[in-house]
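Welcome! Here is a short, friendly tour for anyone opening this model for the first time.

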Amino acid sequence: MGLLSTVRGATWGRLVTRHFAHAARRGERPGGDELSRLLLDDLVPTSRQELLFGLSPCLLALRAARRYVARLLLQAGKAGLQGERAELLRMAEARDIPVLRPRRQKLDAMCRYQVHQGVCMEVSPLRPRPWTEAGEASPGDDPQQLWLVLDGIQDPRNFGAVLRSAHFLGVDKIITSRRNSCPLTPVVSKASAGAMEVMDVFSTDDLTGFLQTKAQQGWLVAGTVGCPEPKVLQSSEIPIMSSLEFLWDQPTLLVLGNEGSGLSQEVQASCQLLLTILPRRQLPSGFESLNVSVVAGILLHSICSQRKGFPAEGERRQLLQDPQEPSARSEGLSVAQHPGLSSGSEKEAK
């Protein structure tokens, strides 16, 4: 009698345990051909797990080893696995993670037709950590500390794109508001190109209180606003400054607001300074702001370019011309490995 006819409807844990026990008694290798032929309908994800999809998110999740991985799903195909997909398979086998090879149509349906690149994993969720676990950082330790604070970011793709830029440009910590904010979902991980899997994201129930506490400790709290009208610029009680004029000479909390409404009134009132990005042309009414992920990339690059040790223009040219020099390798990640940069295997194709 086949395995499917005896265990259809059983949970994944009971199914694997029973099959491994039978295989051991028969002297066979656990798993084997029968396990690889299981229908995905018999392996329904539990409510405590979620489906991570995309090559970089799955690969970085395995490397970081912060999630429990129930199984790896690699799209079935005639060609052998190569490159990062082969690495995924080796890592899964080394950790005794079951590997299935479903057809593309099954993966499409399981991922609700998201771009999965032929790679999915059933994993435990990631949760933001309480900001009290972020560790105390004294302003005197390093004047060029930068924490990114997110006030009510709700779109998962915006959230993921912000995390990707923050990780790439060297932000030290991410703090989010626990309420009215997007959770750490697989869509966020995919939009971040897997950066979410390796970053520590913290959260707080009292964002205003957090900002006020850090200000009392000597941190600069810099909020962000769209391009203000002249009368708003003159009447604002909080100084508004172009991002190009900002001098990063003390530990800073950069605060980004909600996609539609921007910073909440309470959070904005806790800011000591407001940064804005000035347009390069006259804009029609209603077009005074940029997407929050675009704002994050522009502001973070402008600020982080002031970091001591950031390559000067001549050094940057040398790195681009000869990326194999020791100075380039010292960062620890090659261009192909860095989640902030696309490699050939990072193409957004199914």
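Let's begin with Q144, which sits in the loop that links β5 (129-130) to β6 (146-150). Please keep in mind that this is a predicted model. From Q144 we move to the sheet that includes β5 and β6, and then to helix α4 and strand β4.

**Q144 and its surroundings**

- Is Q144 buried or exposed? Q144 is buried, because its relative accessible area is 9% and the cut-off for buried is under 20%.
- The side chain of Q144 reaches two backbone oxygens: that of W248 at 3.5 Å, and that of Q306, which lies 2.9 Å from a polar atom of the Q144 side chain.
- Leaving aside residues up to four places away in sequence, Q144 touches D172, W248, Q306, R307 and K308.

**The eight-stranded sheet**

- Eight strands make up an open sheet with parallel pairing, and their order is β5-β8-β7-β6-β11-β9-β12-β10.
- The edges belong to β5 and β10 (240-242); each has a single partner strand, so one side of each has no neighbour in the sheet.
- β6 runs parallel to β11 (residues 252-256), and five bridges join the two.
- Within this pair of strands, L146 stands opposite T252 of β11.
- Helix α7 (residues 156-169) packs on the sheet, where it touches β6, β7 (173-177) and β8 (201-204), and its direction makes about 180° with that of β6.
- Helix α9 (residues 207-216) lies across β6, β7, β8, β9 (220-224) and β11, at about 160° to β6.

**Helix α4**

- Helix α4 (residues 55-64) is mostly covered, with eight of its 10 residues buried.
- Which residues of α4 are buried? They are L55, S56, P57, C58, L59, L60, A61 and L62.
- The cover over these buried residues includes the strands β1 (50-53), β2 (69-74) and β4 (119-123), along with the helices α5 (83-94) and α8 (186-191).
- Just after α4 comes A65, which takes a positive phi of about 55°.

**Strand β4 and its partners**

- In a regular strand, side chains alternate between the two faces of the sheet.
- Both faces of β4 are covered: V119, M121 and V123 are buried on one side, and C120 and E122 on the other.
- β4 pairs with β1 in the antiparallel sense over four bridges, and E50 stands opposite V123 of β4.
- β2 also runs antiparallel to β4, joined to it by five bridges, and L73 has C120 as its bridge partner in β4.

Terms used:
Residues numbered from 1 in each chain as written. Predicted model: local features only at pLDDT ≥ 70, side-chain atom pairs only at ≥ 80, totals over all residues. Heavy atoms only, no water. Buried < 20%, exposed > 50% of the residue type's maximum accessible area, 1.4 Å probe, protein only. Polar contact = N/O pair within 3.5 Å; in protein donor to acceptor, adjacent residues only side chain to side chain. Contact = heavy atoms within 4.5 Å. Pairing = 2+ DSSP bridges. Axes fitted to C-alpha atoms, helices over the stretch in contact; angles between N-to-C directions.
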